[in-house]
Amino acid sequence: MEALYPDLIDTHAHVSGPEFDGDRQAVIERARGAGTGFIEVGFDVESSIRSIALAASGALAAAIGIHPHNALDYRDNLREAWRDIAGLISRQCPVKAPEPPVVAIGEIGLDYFRDLSPRPLQAECFEMGLELAKDNNLPVIIHQRDAEDDTIDILRNHRIGRPVIFHCFGGDRLYARKCLDLGGYLGVGGTVTYPKNSELRDLLKYIPLDRMLLETDAPYLSPQSRRGRRNEPAYMRETLAVVAAALGKEEGAVGRIARDNALMAFGL
Ligand code: NI
């Protein structure tokens with residue numbers, strides 16, 4: 001089984017988006033060259049369809065869902081939109097058939113930092129995603145900003161019984177503890193490389209090593225050396241280097257542990 005998977009797994013990327021229309025194949029090749037596979041993550045109905053398509057042509061697997069920002073697009077037909085997403089779950093991937101490519105519901109969650117969708121609508125959307133995950137026995141990928149308490153409350157009220165992946169984790173030790181207690185895996189991305197983010201580097205020591213994942217959130221959140229420019233899965237090695245240094249451990253070992261955690265979290 002081991003040889004089937006790359007050395008590293010980027011657990012959160014958006015390579016199917018328009019930012020990569022000009023050179024998607026080259027980006028996928030660079031990821032391969034860097035020994036990095038990635039999970040393609042949807043954020044609305046269209047990107048979820050693209051996510052599944054990319055699982056057939058470059059991504060390891062797909063996640064599908066409706067992001068709190070995008071809940072607004074479906075304010076009048078949220079239930080129908082989720083029904084469309086549900087319809088994608090059993091869609092088979094031509095290359096990997098008979099394995100369906102969908103390994104998680106997400107990204108879903110709450111974002112009170114940008115507040116692009118009204119908060120009650122965000123909550124409704126989040127809860128529908130959790131119910132879909134529960135019905136299909138799938139893990140979830142959580143997006144959360146400035147909404148820690150409500151996110152934890154909703155997750156406690158909708159226990160899904162599968163791993164909860166907190167993408168681009170940020171927060172203090174108490175919040176990390178709450179996330180871990182919910183069966184959480186914490187995704188560490190490019191923000192850990194930012195010189196001012198010593199808080200996250202310090203927190204790494206308190207995250208159990210078997211609950212840590214690595215990610216890019218490409219095209220966003222490039223690591224420090226490329227900050228402000230487009231991110232891609234091949235660049236995750238810079239994040240790994242910073243994480244390994246912060247932990248005082250060897251890069252290869254940390255990368256393999258995070259890779260194995262990803263296989264476990266997503267049931268790959
Ligand atoms: Ni994302």
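# Pocket, nickel site and aromatic cluster

Biologist: Which residues lie nearest the centre of the largest pocket?

Modeller: His143, Arg145, Cys168, Asp217 and Leu221 lie nearest its centre, out of 35 residues that line the pocket. Bear in mind that this is a predicted model.

Biologist: How much space lies in that pocket?

Modeller: About 940 Å³.

Biologist: Which elements each supply at least two residues of the lining?

Modeller: Strands β4 (102-111) and β5 (140-145) do, and so does helix α7 (198-203). β5 gives the most to the lining, with 4 residues.

Biologist: And the lining by class, what is that?

Modeller: The lining has 13 nonpolar, 12 polar and 10 charged residues.

Biologist: Switching to the metal. What are the protein donors of the nickel ion?

Modeller: His12 and His14 donate through NE2, Glu107 through OE and Asp217 through OD. These atoms lie 2.2 to 2.4 Å from the nickel ion. Asp217 is also one of the residues nearest the centre of the largest pocket.

Biologist: What spacing do the donors follow along the chain?

Modeller: The pattern is H-x1-H-x92-E-x109-D. Histidine 12 sits in strand β1 (residues 8-13) and aspartate 217 in the loop between β8 (212-214) and α8 (236-247), so this pair ties together parts that are 205 residues apart in sequence.

Biologist: Are those two ends buried or exposed?

Modeller: Histidine 12 is buried, at a relative accessible area of 1%. Aspartate 217 is buried too, at 8%.

Biologist: What is the geometry of the site?

Modeller: Irregular, with angles of 83 to 171 degrees among the 4 donor atoms.

Biologist: Why is the site not called tetrahedral?

Modeller: Four donors count as tetrahedral if all angles lie between 85 and 135 degrees. The angles at the nickel ion run from 83 to 171 degrees, so the site fails that test. Water is not among the atoms, so sites may look incomplete.

Biologist: Back to the backbone. Which peptide bond is cis at glutamate 107?

Modeller: The one from glycine 106 to glutamate 107, with omega near 15 degrees. Glutamate 107 lies in strand β4 and is one of the nickel donors.

Biologist: What about the bond from alanine 218 to proline 219, cis or trans?

Modeller: That bond is cis, again with omega near 15 degrees. Proline 219 lies in the loop between β8 and α8, and that loop also holds the donor aspartate 217.

Biologist: What is phi of aspartate 115?

Modeller: Near 50 degrees, which is a positive value in a residue other than glycine. Aspartate 115 is in the loop between β4 and α4 (119-136). At 33% relative accessibility, aspartate 115 counts as partly exposed.

Biologist: And what is phi of aspartate 146?

Modeller: Also a positive value, near 50 degrees. Aspartate 146 is found in the loop between β5 and α5 (148-157). Its relative accessible area is 54%, and aspartate 146 is exposed.

Biologist: New topic, the rings. How many aromatic pairs does a search of the whole structure find?

Modeller: The search finds 2. In one pair, phenylalanine 166 and tyrosine 175 are edge-to-face, at 6.4 Å centre to centre and 80 degrees between the planes. In the other, phenylalanine 169 and tyrosine 175 are stacked, at 5.4 Å centre to centre and 10 degrees between the planes.

Biologist: Which residues form the aromatic cluster, then?

Modeller: Phe166, Phe169 and Tyr175 form one cluster. Tyr175 takes part in the pair with Phe166 and in the pair with Phe169.

Biologist: Are those rings on buried or exposed residues?

Modeller: Phenylalanine 166 is buried, with a relative accessible area of 2%. Tyrosine 175 is buried at 3%, and phenylalanine 169 is buried at 4%.

Biologist: Last one. What separates the C-alpha atoms of leucine 121 and leucine 180?

Modeller: A distance of 26 Å, with the two leucines 59 residues apart along the chain. Leucine 121 is in helix α4, and at 10% relative accessibility leucine 121 counts as buried.

Note on methods:
Residues numbered from 1 in each chain as written. Predicted model: local features only at pLDDT ≥ 70, side-chain atom pairs only at ≥ 80, totals over all residues. Heavy atoms only, no water. 1 Å grid on protein atoms, 1.4 Å probe; cavity = no way out; pocket = protein on both sides within 12 Å on 5 of 7 lines; lining within 4 Å. Points joined across faces, edges and corners; volume = space filled by probe spheres on them. Nonpolar A, V, L, I, M, F, W, Y, C, P; charged D, E, K, R; others polar. Donors = N, O, S within 2.8 Å, 3.2 Å for Na, K, Ca; no water. Tetrahedral: all angles 85-135°; square planar, octahedral: opposite > 155°, others 65-115°. Buried < 20%, exposed > 50% of the residue type's maximum accessible area, 1.4 Å probe, protein only. Phe/Tyr/Trp six-rings, centres within 6.5 Å; stacked < 30°, edge-to-face > 60°.
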